[in-house]
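Hi,

Here is the structure I promised to pass on, with my notes underneath. Have a look when you get a moment.

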Amino acid sequence: MKHRIISRRNIAVLFFSCALVAFGQASPGKAGRRKPKPDNPATYSFPALGISAERKVEVAWNRFYDHAGLSAILSRLQKGFPELTRLYSIGKSSQGRDIWCLEVTARNVGDPDRKPGMYIDGNIHGNEIQTSETVAYTAWYLCHQYGRLDKVTSLLDERVFYLLPTINPDGRDSWLHRGGSARSGMEPTDDDGDGLADEDDSEDLNGDGLITMMRIKDPHGRYKPHPDYPEYLMIRVKPDERGEYSFLGSEGIDNDGDGRINEDRRGGYDMNRNWGYEWQPNYIQRGAGNYPFSQPETRAVSAFVMAHPNIAAAQCYHNAGGMILRGPAREGGAMHSRDERVLIVITERGEKMLPFYRSIVIWDGLGTSWGSSLDWLYGGRGILSFANELWTSRNLYKTLSSPSDEQKAEFMQHVLMGEGVVPWREHEHPTYGTIEIGGERKEWGRLPPSFLLEEELHRNMAFTLYHAEMMPLIEISDITTEKLGESLYKIWVTIENRRLIPTRTGQDVAHHINSPDIVSIEGDNLRVLSAGRVTDRFFKQVRAVERRPERVELDTIEGMSAARVQFIVEGKGQFTVTVDSTKAGLLEKSEFLP
């Protein structure tokens, strides 16, 4: 019996072993034929922090879009979020492209035109490309996070955002599609004073779709390839050392036969020197244009801002250098001390949110410039504004100091796998003879690589949303009634500003740019006998108004503070207190006399 049990066990083991061998022999063929299902991977994805899992509008933020691409993004956002957005053109560029504004707010919460407004633009300089993506990303983020994040929901309930991704669409498209110098707008300009405009621009001589640099072998030249990074870097030779090359500038020929190359490129003016505050003519400020707002783009933006006096804060994006710029742009320019203190507090937060960025006053850190949009927004309109210079090379290695040229070449070689430069190739030039064309691609240097771009967009957006959150937020926090006699009452009204930015800046008050904040009272059975601003609430001192006692004008309500108004009234029944502030909104609160 025992022998029989052992035999059966051996047979079972032998059978199981054979099955394993058979399975092992068959599995390679079957495994080779197996493939995963070609499903949509988003079905099985889990979101990282920073954006909603549900995306009505899919946008890849690791690339750049031309004017048509940006227009499509804005159009899709408007279609996907009609309850939050309006899309309209504020004007045309010199070549007829629309300057789009996407207005984003909770349209069913309050009156959008009476909410404090945050103005955001980008790409006033055509080659400052990622600025537009930052504005568009802000719109995309706000739309998708409304109703999901309390902070974004509150922002859109209480504020309105005016988002203009590109205010120089001509320069943008020229740089993206063609390259070369496209900082300017594209209205033809006679740079060299020969009576012709834009007649000698750079060209793609070798037909590779890029405009790069020209160099020529020259024993008297002052440059040579770097010994360790010859493909990526040219260096200046020592004073007592013979060179190998001379640089000839960007690709191009002498189109007009005047003995110079590329001296009259497309455009040639600077739209950020064309604004009607602290403007100076071309002989003082190069690129200023013929007169303030001579360009259709700056005229369109200025008209838009003038038509929206509720704009209380502004952000203009530029590149590059990693800077949070604030005015004034000249020494002694317009800036009230209390306004500057507010800007400093906001930038202190910004320097923490934006690693390696520095807070800089324009004239002190960069030098004097005249006629900038930042000066006009503050000096001309009393709007607290910043201009962020997006991207700093410190982000390549996450270091406090800027990387050396060798470190940049090393990054290009080992992190970008050689992308970022065009190999030097010989070309026959009609003037110079045999030259070489190549060097850095236009995307290298001023623009972050794809894998750092989205970080740049999000961090700058977050800083700008913090700036927007600091716009005035007022509340009628208390109404106290005191009976003085038969049908005679004293009414105390307290209005709080619960944010950092005042309802009117010092510049606004000093130059009477916008109307004062008005606190008024009315009722069907009410007669206002006197009124005034409370100057000391403990001793109950009041500065009385001289006329129209039913309304009290306040110069401003400072940030994180309160203003108090007193009315002496005669009557009975219900009364309504109204606070009308151009930049902080319209409030009403009703109560009954005891």
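**Salt bridges**

Counting salt bridges gives 29 of them. Keep in mind that this is a predicted model. One of the pairs is R183 with E128, whose side chains come together at 3.6 Å, N to O. That pair ties together distant parts of the chain, with the two positions 55 residues apart. R183 sits in the loop between helix 5 (169-177) and strand 5 (213-217), while E128 belongs to the loop between strand 3 (117-122) and helix 3 (130-145).

**The eight-stranded sheet**

Next, the sheets. One of them is open, has eight strands and runs in the order 1-2-4-3-9-12-10-11, with mixed pairing. Strand 1 (85-92) and strand 11 (358-361) are its edge strands, and each pairs on one side only. From one strand to the next, the twist averages 20 degrees.

Inside this order, strand 3 and strand 9 (residues 311-319) run parallel and are joined by six bridges. If you want a spot to zoom in on, M118 stands opposite A313 of strand 9. There is also a helix packed on this sheet: helix 2 (residues 67-80) touches strand 1 and strand 2 (98-104). The direction of helix 2 makes about 30 degrees with that of strand 2.

**The five-stranded sheet**

Another open sheet is built from five strands in the order 15-16-21-18-19, and here the pairing is antiparallel. Strand 15 (474-485) and strand 19 (541-544) each have a single partner strand, so one side of each has no neighbour in the sheet. Neighbouring strands are turned by 30 degrees against each other on average, ignoring direction.

Within it, strand 18 (residues 526-536) pairs with strand 21 (residues 561-571) over seven bridges, in the antiparallel sense. R533 has V565 in strand 21 as its bridge partner.

**A helix pair**

Last one: helix 7 (residues 337-353) and helix 12 (residues 450-469). Their axes come within 10 Å and cross at roughly 160 degrees, so helix 7 and helix 12 count as roughly antiparallel to each other. The crossing of helix 7 past helix 12 is right-handed.

Which residues meet there? From helix 7 you have I346, R349, G350 and M353, and from helix 12 there are R459, A462, F463, Y466 and H467. By type, the residues of this contact split into five nonpolar, two polar and two charged.

Cheers

Notes. Residues are numbered from 1 along each chain as its sequence is written. This is a predicted model: local features need pLDDT of at least 70, side-chain atom pairs count only at pLDDT 80 or more; totals for chains, interfaces and linings use all residues. Side-chain values use heavy atoms; hydrogens and water are left out. Two strands pair if DSSP finds at least two bridges between them. Helices (H or I, at least four residues) and strands (E, at least two) are DSSP runs, numbered from the N terminus. Axes are lines fitted to C-alpha atoms, for helices over the stretch in contact, and angles run from 0 to 180 degrees between N-to-C directions. Angles under 35 degrees count as roughly parallel, over 145 as roughly antiparallel, 65 to 115 as roughly perpendicular and the rest as oblique. A crossing is left-handed if the near helix is turned anticlockwise from the far one by less than a right angle, and right-handed if clockwise. Contact means heavy atoms within 4.5 Å. Ala, Val, Leu, Ile, Met, Phe, Trp, Tyr, Cys and Pro count as nonpolar, Asp, Glu, Lys and Arg as charged, and the others, Gly among them, as polar. A salt bridge is a side-chain nitrogen of Lys or Arg within 4 Å of a carboxyl oxygen of Asp or Glu.
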